[in-house]
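These are my notebook entries on one protein chain. I set down what I looked up, entry by entry.

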Amino acid sequence: MLAPRANIDTLVHVGFAVLMFTALIRYVLRHDPVENLWIMVLAGVVCALYLVTAFLVNRGTGQGRWVIVLVATSSVLVLLAPSFAWCSFGLFFLCRRTLRGLAGYLAGGLAILAAAFSWYMFSDDRDIVMLLGPIAIGAMLTLIFDRMEQDAAEQRRLNEEISSAQLQLAASERRAGIITERARVSREIHDTVTQGLASSLLLLEAANRNWPTAASQDEVRQAGELLRQNLMETRRLVHDLASPATDAGPLPEVLREAAAAYLPDLQLHVVGTERAVSPEVRHALLRVVQSAAANVKLHSGAEQATVTIGFLQDTVTLDIHDNGRGFTPEKLQAPSQSGGYGLRAMRQRVEQLGGEFSVESTPGSGTVIAAQIPSEENIS
């Protein structure tokens, strides 16, 4: 907004200089400079005052008093020498640009009235047109200038609203980003560290009950292996929450190894021809399998669990089925400090990639967790 205003100010200054120079030439050609020395001196004073005023306008300080002095001096010059009347129109714009409210109207009106009375007084037969013409032009310029000022004020208001809305949007996006990141970290911790620690605790409790049998020793060994895996997962989470090292191999094998940490006897089936999927889809499937397998281990009491991954034309499907005790999905308690985040985290992972997630379970009839995610080329 500063550049256009500076350009207008420059045009006003140049316009006044051209009008003043033209008026001086006209006056010199029509009058004897020696006989009208005071007029020439007064014109010089007006030029000096204008330069001072323009300098102060450029600095934006203390120009109001100088504009009034300039208009008063110029009005005297115009009333004495009509040749300088055209300069009043340049002063009109200067007054409106530098003075606000009533002061701008009075100063601009005085400049125009001085030109009108000068032309009227020195016209043949006191032509009324020479009086009313400049006044009418001044009135039209006032209306035009007021409209321009209103449009500029409205534009500034709109720009401020847009800037404010952009700042609010940026703040909202930052808050949303923080919330999203917190949710993502929460899911990562739940699907790795929390599930692993819960399973390890379950194994250690079973070992404590059966100690010192061979089964209890095997349970302690499994718990130790889970704790080592959790330590590796924690270190990876600290380093940008990277996927586990097993994530580098074929996807079915990655899923088998991830689930086997909780369910050593798990069965895995592959439907369709295996193909590469995006890292995001791969990571989501891995975490869903990890969380689902941990839930089977901790809650279902299942004797058998099966994972089926399907490579369809446009999607990748994942089904985890167990023959455990089952539950009623509609009666699940809200997440709390004691747990309940697993299914919600799985659903969020899948739906964020444009997929569909469902849970089918009936008390005494096992549970089926199903996920369907678009292939890489269909992910927006």
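**Entry 1. Terms of exposure.** Before looking at single residues I fixed my terms: a residue is buried under 20% relative accessible area, exposed over 50%, and partly exposed in between. I also noted that this is a predicted model. I then looked up R147, which counts as exposed because its relative accessibility is 51%.

**Entry 2. The chain as a whole.** I recorded 10 helices and 5 strands in the protein chain. The chain has 380 residues, of which 39% count as buried. Its exposed area is about 21800 Å², and carbon and sulfur atoms supply 61% of that area. I also looked up contacts with a separation of 6 or more: residues 24 or more positions apart account for 68% of them.

**Entry 3. Salt bridges.** I began from a general point: side chains of opposite charge can pair when their charged atoms come close. A search of the whole structure gave 5 salt bridges, and I followed up some of them.

I returned to R147, which forms a salt bridge with D151; their closest N and O atoms are 3.6 Å apart. Both residues lie in helix α6, 4 residues apart, which is about one turn of the helix. What is the exposure class of D151? D151 is partly exposed, because its relative accessibility of 39% falls between the two limits.

I next looked up R157 and E154, whose salt bridge has its closest N and O atoms 2.4 Å apart. These two residues also lie in helix α6, 3 residues apart, again about one turn of the helix. R157 is partly exposed at 35% relative accessibility, and E154 is partly exposed at 36%. Which residues are linked with this pair in a network of salt bridges? The network consists of E154, R157 and E161.

I then turned to helix α10, where E351 and R347 both lie, 4 residues apart, about one turn of the helix. Their side chains meet in a salt bridge of 3.7 Å, N to O. E351 counts as partly exposed at 44% relative accessibility, and R347 counts as partly exposed at 33%.

**Entry 4. The nonpolar cores.** I noted as background that nonpolar side chains tend to be buried together in soluble globular proteins. In this model the largest nonpolar core has 37 residues, and those with the most contacts inside it are L255, L285, I309, L318, F357 and I369. Among the elements that give two or more residues to this core are helices α8 (251-260) and α9 (279-300), and strands β2 (305-311) and β3 (315-322). Which element gives the most to this core? It is α9, with 10 residues.

I chose I309 for a closer look and left aside its neighbours within four places in sequence. I309 is in contact with L251, L255, H269, V270, V271, L285, V316, T317 and L318. I also recorded a second, separate core of 35 residues, which includes F16, A23, L42 and L70.

**Entry 5. Helix α5.** I looked up the length of α5: it has 21 residues and reaches 30 Å from its first C-alpha to its last, close to the 30 Å expected at 1.5 Å a residue. Its buried residues are G104, A107, G108, A111, I112, A114, A115, A116, S118, W119 and Y120.

Three of these names came up again when I looked up S88, a residue of helix α4 (residues 87-98). Leaving aside its neighbours within four places in sequence, S88 is in contact with V78, A111, I112 and A115. Is S88 buried or exposed? S88 is buried, because its relative accessible area of 1% is under 20%.

**Entry 6. A nonpolar patch on the surface.** L113 lies in helix α5 too. L113 counts as partly exposed, because its relative accessibility is 36%. I found L113 in a nonpolar surface patch together with L79, F117, M121, F122, I128, V129, L132 and I135. The accessible area of the patch is about 810 Å² in all. Which elements give two or more residues to the patch? They are α5 (102-122) and α6 (128-210).

Conventions: Residues numbered from 1 in each chain as written. Predicted model: local features only at pLDDT ≥ 70, side-chain atom pairs only at ≥ 80, totals over all residues. Heavy atoms only, no water. Patch = residues over 30% accessible without salt bridge, like charges linked within 9 Å, V, L, I, M, F, W, Y side chains within 5 Å. Areas by Shrake-Rupley, 256 points an atom, 1.4 Å probe, with all protein chains shown as cover. Salt bridge = Lys/Arg side-chain N within 4 Å of Asp/Glu carboxyl O. Buried < 20%, exposed > 50% of the residue type's maximum accessible area, 1.4 Å probe, protein only. Contact = heavy atoms within 4.5 Å. Core = buried A, V, L, I, M, F, W, Y, C linked by side-chain atoms within 4.5 Å. Expected span 1.5 Å × (residues − 1).
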